[in-house]
Amino acid sequence: MKNRVYNQIVYGSLLHPKELKKYDISMDMIEFVKVKSFKRVFNQEPSRRRSDTINRAVLNIQKDDSFWFNALLIKNISENSLKELDTREIGYDRLNLEDGLVRYYKDDKIATSCFVYIGKDGKQSNDIFPNIEYFKLCLNGAKSHFNEFYLDYLDTTYQNSETGLKLISKI
């Protein structure tokens, strides 16, 4: 029986080519995509990037049918790799996405067999702000691709503020 393969959606630090390279992921293994029905927010308490400061939030996604975010799709993740990924993404749960929620930038066709990591329940806070180094890593990762991708990142990424969620501003 053939080992099933999946497509991983990444939306934070793994937008950066240098971060991808740490996991032996080259740019020919990725596609640029848009993911419907979720909002990308800096509201996740970190599991790896520990900090006592108010500036400690890392990225998360929240189910919301009126939003979308852009991301990278890492092609052909084997079932054998899933346990390793689950360990790396310790503060998150793996979520299989319904077919139809992920579309390619290049031709708007549907990507299938996709999964994403979403923050574990109880790991979010409305009182924290982005970890500045992590924020810059994600921003520069988005900027390292084409201009539309970068602008879409700016238009689909939120952070906490005194009055609720707001779009990020460049730090």
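**Helix H4, aromatic pairs and overall form**

In the predicted model, helix H4 covers residues 147-155, and its buried residues are Phe 149, Tyr 150, Asp 152, Tyr 153 and Leu 154. The general geometry of a helix helps in reading such a list. An α-helix has 3.6 residues a turn, so residues three or four places apart point the same way. The buried residues of H4 pack against two strands that precede the helix in residue number, S2 and S3 (55-78). Their other partners are helix H3, strand S8 (157-161) and strand S9 (164-167).

One of the buried residues of H4, Phe 149, also belongs to a cluster of rings. Ring pairs join Phe 149 to a group that includes Phe 32, Tyr 105 and Phe 146.

Across the protein, the count of aromatic pairs is eleven. One of them is formed by Phe 42 and Phe 135; the ring centres are 5.4 Å apart and the planes meet at 35°, so the pair is classed as tilted. An angle under 30 degrees would count as stacked and one over 60 as edge-to-face. This pair connects distant parts of the chain, since Phe 42 lies in strand S2 (residues 30-44) and Phe 135 in helix H3 (residues 132-143), with the two positions 93 residues apart in numbering. Both partners are shielded from the surface. Phe 42 has 0% relative accessibility and therefore counts as buried. Phe 135 is buried as well, at a relative accessible area of 1%. A further aromatic pair is made by Phe 115 and Tyr 117, with 5.8 Å from centre to centre and 85° between the planes, and this pair is edge-to-face. Phe 115 and Tyr 117 are both buried.

The backbone has positive phi values at two residues described here. Asn 76 is not a glycine, yet its phi is near 60°. Asn 76 is placed in strand S3. Its relative accessibility is 54%; exposed means over 50%, so Asn 76 counts as exposed. Asp 108, also not a glycine, has a positive phi of about 65°. Asp 108 is found in the loop between strand S5 (102-104) and strand S6 (114-119). With a relative accessible area of 48%, Asp 108 is partly exposed.

Taken as a whole, the protein contains four helices and nine strands. Read from the N terminus, the order of these elements is β-α-β-β-α-β-β-β-β-α-α-β-β. The radius of gyration is 15 Å, close to the 16 Å that the globule rule gives for 171 residues, so the protein is as compact as a globular protein of that length. The C-alpha trace spans about 50 × 30 × 30 Å along its principal axes.

Of the 171 residues, 49% count as buried. Contacts between residues at least 6 apart in sequence were also examined, and 76% of these join residues at least 24 apart. The accessible surface comes to about 9300 Å², and carbon and sulfur atoms account for 47% of this area. The protein has 27 positive and 24 negative charges, and the mean positions of the two sets are 3 Å apart.

Definitions and conventions
Residues are numbered from 1 along each chain as its sequence is written. This is a predicted model: local features need pLDDT of at least 70, side-chain atom pairs count only at pLDDT 80 or more; totals for chains, interfaces and linings use all residues. Side-chain values use heavy atoms; hydrogens and water are left out. The radius of gyration is taken over C-alpha atoms; the globule rule is 2.2 Å times the number of residues to the power 0.38. Buried means under 20% relative accessible area, exposed over 50%, partly exposed in between (1.4 Å probe, protein chains only). Contact means heavy atoms within 4.5 Å. Accessible areas come from the Shrake-Rupley method with a 1.4 Å probe; for residues, only the protein chains shown count as cover. Lys and Arg count as positive and Asp and Glu as negative; His and the chain ends are not counted. The place of a charge is taken as NZ of Lys, CZ of Arg, CG of Asp or CD of Glu. Rings of Phe, Tyr and Trp (its six-membered ring) pair if their centres lie within 6.5 Å; planes under 30 degrees apart count as stacked, over 60 as edge-to-face and the rest as tilted.
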